[in-house]
Amino acid sequence: MQVQNSDIAAVLDEMADLLEIDGANPFRVRAYRNAARMLLDIGKDVREMIEAGEDLTRLPGIGKDLAGKIVEIAQTGTFSELEEMRRKVPPQLTELLDIAGLGPKRVGALYRTLGITSSEQLFNACKDGKVSKLPGFGKKTEAKILEALQTKFTTTQRFLIAEAAPYAEAIRKYLLEVKGVRQVVVAGSYRRRKETVGDLDILVTAEPGSNPGDLFVRFPKVRDVLAKGSTKASVVLQNSMQVDMRVVEDESFGACLHYFTGSKAHNIAIRKIAQKMGLKINEYGIFRGDERIAGEEEGSVFEILGLDYIEPELRENRGEVEASASGRLPQLITLEDLKGDLHVHSSYTDGSASISTMAETAKAYGLKYIAIADHSRRLRIANGLDSSSLLKQVDEIDKLNANMKGFTILKAIEVDILEDGSLDLPDEVLKRLDLVVGAIHSKFNLSRGKQTTRILKAMDNPCLNILAHPTGRILLRRDPYDFDVDAVIKKAVESKVVLELNANPHRLDLNDVYCRQAKEAGARIAINTDAHSPAEFKNLMWGIGQARRGWLEARDVINTFPVKKLMKSIKR
DNA sequence: GCCGTTTTCGGCCCGACTGTTTTCAGTCG
């Protein structure tokens, strides 16, 4: 297994944790954390950069020191200072940081005074009343730790954005009915359309005197109230999702919305610019000295700093601030730009509805075409089509199209890419179709080399038009298969094979970073639902969210084209 | 540990809530 960026990031993050527990300079800790985050964001394989002799100090936040350490990690999986630190601070301590209410200072104190290194030891120490006697700890803290340990309270659980959406909407509606409440907006990673969210951040403006927090903590699905003040409250829902609510004055609404939309890294970048201009930004507004000069509208935050408005999906400090300053922000794709869906299933295989029902539903969603791309014969479990059933389907589609007005059903297949890189149906049959979507549904565990060769070979087949869910990940459940994404993107550019952004909220594959990498390399994307039922067309919104996070514009996405242009441009 | 139109040292985003204190440290976002 090759060392990936995420492996290097994990090692740097561990160092940051241990340094923090050891009481190191917080800015030094931040340097490690920033470096770890940057590695996850750049969309370039650092190991390959090293092999190519590239200068790592040109990466943001990487100086001579960290560059050397990253090289060492890439070669050995660790670095000498971390090994030294592990001898000084037991690495198991980092697990205690996951306990709610325990941060590096307290974990360090528990270790130094009581020698605690595991949650079991911590549990016993609390039971014996030893923890409450430590300076800085008390009875309440001890009880909180015990409760957290007993309920196995984890703050690290994440939820698919589509899972969080019904809760976000329900809480929004609930709060809007509270007397005196004027505005309710769900901010945070939900507003940035991140593929998974750790919590919900809700921003409220209300008449003076009304107290939305009182009702917020009584929302029916609340399990625990973590904190409740006059302007801020936090609760945990029955499904363990944390929800934070913040009440602000109207005059601060814009600044607060920007602040609570984040990301943290984006906010820091914005505040640095303000600082250079002698201004101060906080969640209440933009200030010159004590004078508030803006804050009611979110747009004013950018305007005052001389920046173009940055859409929430871009706010990750991945270059959007610089692009905004120089007028180079992308014109992000919107849901309305989509004209069709090129990956739709029917009851011919594992879909729940007939071709005509899927077509009618797509039409009702405002689409002008869909491609019926059912499974091929290899996928027995899904009743995959052989050549003759596929040709029957082709006949049915021809008949349906004869009676369609202003809508086209394209003839397609989601053909299995077999282990050797060949396609699961003969070329003569595939050539009868309007387009061919290829996908991997087996042998996920091939070696990196073999998996890459398999995909590249499939892309060499001129029948193939679209590579479906290219990395094969299932969010929160299954990692992507191991292959060389850079090579596949390069091949997509050369071969004109389109890469799919699968809009199913469990997949969202390609992800944001790869979408952007593909766009910059000159590859084209198709945003497809992979719908197995009529209800799944609504998933296009999650695909659009991820596409926008990947800086995609309408021209990068082929199913924004009218059907004629689409058919012309998909030809290889 | 990084960084530089206050450039090789001295900064590094900012504030709310809690609990343990009696003015503040720790945690969290």
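A crossover is right-handed if, with the strands pointing away from the viewer, the path from the first strand over the helix to the second runs clockwise. The exercises below use a predicted model.

**Exercise 1. The surroundings of S14**

Task: Decide whether strand S14 is enclosed or open, and find its pairing partners and the handedness of its β-α-β unit.

Solution.
- Step 1. Count the buried residues. A residue is buried if 20 or more other C-beta atoms lie within 10 Å of its own. In S14, residues 435–439, five of the five residues are buried, so the strand is largely enclosed by the rest of the structure.
- Step 2. Split the strand by face. In a regular strand the side chains alternate between the two faces of the sheet. One side of S14 carries Leu435, Val437 and Ala439, the other Val436 and Gly438. All of these are buried, and both faces are covered.
- Step 3. Look for a partner earlier in the chain. Strand S13 (residues 408–416) pairs with S14 through five bridges, in the parallel sense. Here Val415 stands opposite Gly438.
- Step 4. Look for a partner later in the chain. S14 also pairs with strand S15 (residues 466–467), again parallel, over two bridges. Gly438 stands opposite Leu467 in S15.
- Step 5. Trace the connection. Helix H20 (residues 448–460) joins S14 and S15 in a β-α-β unit, and that unit is right-handed.

**Exercise 2. The two sides of H4**

Task: Check the length of helix H4, then find which residues are buried, which are exposed and what the buried ones pack against.

Solution.
- Step 1. Test the length. H4 covers residues 64–76, which is 13 residues. At 1.5 Å a residue it should span 18 Å; the end C-alpha atoms are 18 Å apart, so the two agree.
- Step 2. List the buried residues. They are Leu66, Lys69, Ile70, Ile73 and Ala74.
- Step 3. Place them around the axis. They cover an arc of only 140°, so they sit on the same side of H4.
- Step 4. Turn to the face away from the buried side. It carries the exposed residues Lys64, Gln75 and Thr76.
- Step 5. Find the packing partners. The buried residues of H4 pack against helix H1 (5–21), helix H2 (26–41) and helix H3 (46–51).
- Step 6. Step past the end. Gly77 follows H4 and has a positive phi, near 85°.

**Exercise 3. Cys515 and its contacts**

Task: Locate Cys515, state whether it is buried or exposed, and list the residues it touches.

Solution.
- Step 1. Locate it. Cys515 lies in helix H22 (residues 512–521).
- Step 2. Count neighbours. There are 27 C-beta neighbours inside 10 Å, so Cys515 counts as buried.
- Step 3. List contacts, leaving out residues up to four places away in sequence. Cys515 touches Leu501, Leu510, Ile525, Gln546, Ala547, Gly550 and Leu552.
- Step 4. Take one of these contacts. Ala547 is 32 residues from Cys515 along the chain, with 6.9 Å between their C-alpha atoms.

**Exercise 4. Backbone exceptions**

Task: Find where Ser263, Leu510, Lys443 and Lys496 sit, and say what sets their backbone geometry apart.

Solution.
- Step 1. Recall the background. Most residues other than glycine have a negative phi, and most peptide bonds are trans.
- Step 2. Take the peptide bonds. Gly262 and Ser263 are joined by a cis bond, omega about -5°. Ser263 is in the loop between helix H13 (253–261) and helix H14 (264–276). The bond from Asp509 to Leu510 is also cis, with omega near 10°. Leu510 is in the loop between strand S16 (498–502) and H22.
- Step 3. Take phi. Lys443 is not a glycine, yet has a positive phi of about 50°. Lys443 is in the loop between S14 and H20. Lys496 has a positive phi near 65°. Lys496 is in the loop between helix H21 (485–495) and S16.
- Step 4. Check exposure. Lys443 has 14 other C-beta atoms within 10 Å, so it is partly exposed. Lys496, with 16 C-beta neighbours inside 10 Å, also counts as partly exposed.

**Exercise 5. A sheet of three strands**

Task: Give the strand order, the edges and the pairing of the sheet that contains S9.

Solution.
- Step 1. Read the order. The open sheet runs S8-S9-S10, with antiparallel pairing.
- Step 2. Name the edges. Strand S8 (280–282) and strand S10 (291–294) each pair on one side only.
- Step 3. Give the twist. Neighbouring strands of this sheet are turned by 40° against each other on average, direction ignored.
- Step 4. Examine one pair. Strand S9 (residues 285–288) and S10 run antiparallel, joined by three bridges. Ile286 has Ala294 in S10 as its bridge partner.

How values were computed
Residues numbered from 1 in each chain as written. Chains lettered and ligands numbered in written order. Predicted model: local features only at pLDDT ≥ 70, side-chain atom pairs only at ≥ 80, totals over all residues. Buried ≥ 20, exposed ≤ 12 C-beta atoms within 10 Å, placed from the backbone. Helix = DSSP H or I, 4+ residues; strand = E, 2+ residues; numbered from the N terminus. Pairing = 2+ DSSP bridges. Expected span 1.5 Å × (residues − 1). Arc of directions from axis to C-beta. Contact = placed C-beta atoms within 7 Å. Axes fitted to C-alpha atoms, helices over the stretch in contact; angles between N-to-C directions.
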